[in-house]
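Trainee: I would like to learn how to read a protein model feature by feature. Could you walk me through one?

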Amino acid sequence: MKALAARRHDRRAPVVLLLLALLLTGALYAVLSPTSADAAPAAATADEVETGEKLFQANCATCHGPDATGTEVVPSLVGVGAAAVDFQVGTGRMPMQMNGPQAPAKPAQFDEDQIAALAAYVASLGPGPSVPTAEQVDPTLGDPASGMALFRTNCAMCHNAVGAGGALSEGKWAPNLWDTTPTHVYEAMSTGPQSMPVFNDATLTPDEKRDIIAYLDLQGGAAPGGIDLGSLGPVSEGLWAWVVGMGLLIGAAVWIGARSS
């Protein structure tokens, strides 16, 4: 019994227990954690990756480097995934026209096949978020009411309560989302472009992202009250009510004073 007790209190026992706990934690995380990163799109072929590499060397390597590892002022593209490329190139933000606080959206300089090839090549460099499927971005499959609550909790402080956009600090801005495609909205949430934070699947699940897309699909161009007031939500509505209401009260007070005198 004394020998057994001595072995149980071996000074190496805490280290062994710690290693076992770490291995168990890692195994549980690998099994239970959501997977939002793929090494490359499933449809990517060797020819597509090769074509994408040629396009990258001709159009992107000047800034991002021939191996896409970036520089001191330009970020590395290793591990950003196909979704980041599809968003940045598909919205025309890349290639960038000039240095500035933020890359503005403009007409895309590549067609869909070229964008897919570039995305396939960058995805082959390291795992990252993949381009969402048509089902993942279908607004008809989402819940707009849930999306409204999620959007106003996570996005409205920058993009406005209805997605109309707004100004940020240091010359940056949150763009209007009404004309952004559902795919690009999903990719923006997954990759966090510009000043936007990343909303991975642990923060917003794929279904919740689709709910937000469903909510945004109903915004823009609609003015149930008759006047959109800039679509700035309760701020402009409150200001309008204050100005009109106070104006009417002051006008009534002046009229009463003039009548009584």
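Mentor: Happily; we will go from the overall fold to pockets, a helix, and some backbone details. Keep in mind that this is a predicted model.

Trainee: How many helices and strands does the protein have?

Mentor: A count of secondary structure is a good place to start. Here there are eleven helices and four strands. Burial comes next: of the 261 residues, 31% count as buried.

Trainee: What share of the contacts with a separation of 6 or more comes from residues 24 or more positions apart?

Mentor: That share is 62% in this protein. As for the outside, the accessible surface comes to about 16300 Å², and carbon and sulfur atoms hold 63% of that area.

Trainee: Let us turn to pockets. How much space lies in the largest pocket, and which residues lie nearest its centre?

Mentor: For a pocket, read the volume, then the lining, then the chemistry. The largest pocket holds about 1000 Å³ of space. Its lining has 37 residues, and His64, Val74, Pro75, Gln88 and Met94 are nearest the centre. Helices H3 (46-59), H4 (61-64), H5 (81-90) and H6 (112-125) each give two or more residues to this lining.

Trainee: Which element gives the largest share of that lining, and how do its residues divide by class?

Mentor: H5 gives the largest share, with five residues. By class, the lining of the largest pocket has 22 nonpolar residues, 14 polar ones and one charged.

Trainee: What is the volume of the second largest pocket, and what lines it?

Mentor: The second largest pocket has a volume of about 620 Å³. It is lined by 35 residues, with His159, Pro175, Leu177, Ala188 and Met196 closest to its centre. Two or more lining residues come from each of helix H7 (144-154), helix H8 (156-159), strand S4 (173-174), helix H9 (182-191) and helix H10 (206-217). H9 has the largest share of the lining of the second largest pocket, four residues. The classes in this lining are 22 nonpolar, ten polar and three charged.

Trainee: Let me stay with H9. Why is H9 described as largely enclosed by the rest of the structure?

Mentor: To judge a helix, count its buried residues, those under 20% relative accessible area. Eight of the ten residues of H9 are buried, so the helix is largely enclosed by the rest of the structure. The buried ones are His184, Val185, Tyr186, Glu187, Ala188, Met189, Ser190 and Thr191. They pack against H5, strand S2 (128-129) and H10. After H9 comes Gly192, with a positive phi near 65°.

Trainee: H5 has come up twice now. What does Gly90 touch, and is Gly90 buried or partly exposed?

Mentor: Gly90 is in helix H5. With a relative accessible area of 23%, Gly90 is partly exposed. Leaving out residues up to four places away in sequence, Gly90 touches Val85, Ala108, Ile115 and His184. For a pair distance, take Gly90 and Gln109: they are 19 residues apart in sequence, and their C-alpha atoms are 8.3 Å apart.

Trainee: How should I read backbone angles?

Mentor: Start from the usual case: most residues other than glycine have a negative phi, and most peptide bonds are trans. Then look for departures from that.

Trainee: Which peptide bond is cis?

Mentor: The bond from Met94 to Pro95 is cis, with omega near -5°. Pro95 is in the loop between H5 and H6.

Trainee: What is the phi of Ala68, and what is the phi of Asn160?

Mentor: Ala68 has a positive phi, near 65°. Ala68 sits in the loop between H4 and H5, and it is buried with a relative accessible area of 0%. For Asn160, phi is also positive, near 80°. Asn160 belongs to the loop between H8 and strand S3 (166-167) and is buried as well, with a relative accessible area of 11%.

Trainee: Where does UniProt place the transmembrane region?

Mentor: An annotation is best read beside the coordinates. The unreviewed UniProt entry places a "transmembrane region" at residues 239-258. In the model, that span is 100% helix and 0% strand, and its end C-alpha atoms lie 28 Å apart.

Notes: Residues numbered from 1 in each chain as written. Predicted model: local features only at pLDDT ≥ 70, side-chain atom pairs only at ≥ 80, totals over all residues. Heavy atoms only, no water. Buried < 20%, exposed > 50% of the residue type's maximum accessible area, 1.4 Å probe, protein only. Contact = heavy atoms within 4.5 Å. Areas by Shrake-Rupley, 256 points an atom, 1.4 Å probe, with all protein chains shown as cover. 1 Å grid on protein atoms, 1.4 Å probe; cavity = no way out; pocket = protein on both sides within 12 Å on 5 of 7 lines; lining within 4 Å. Points joined across faces, edges and corners; volume = space filled by probe spheres on them. Nonpolar A, V, L, I, M, F, W, Y, C, P; charged D, E, K, R; others polar. UniProt positions renumbered as here; feature names shortened; annotations may be inferred.
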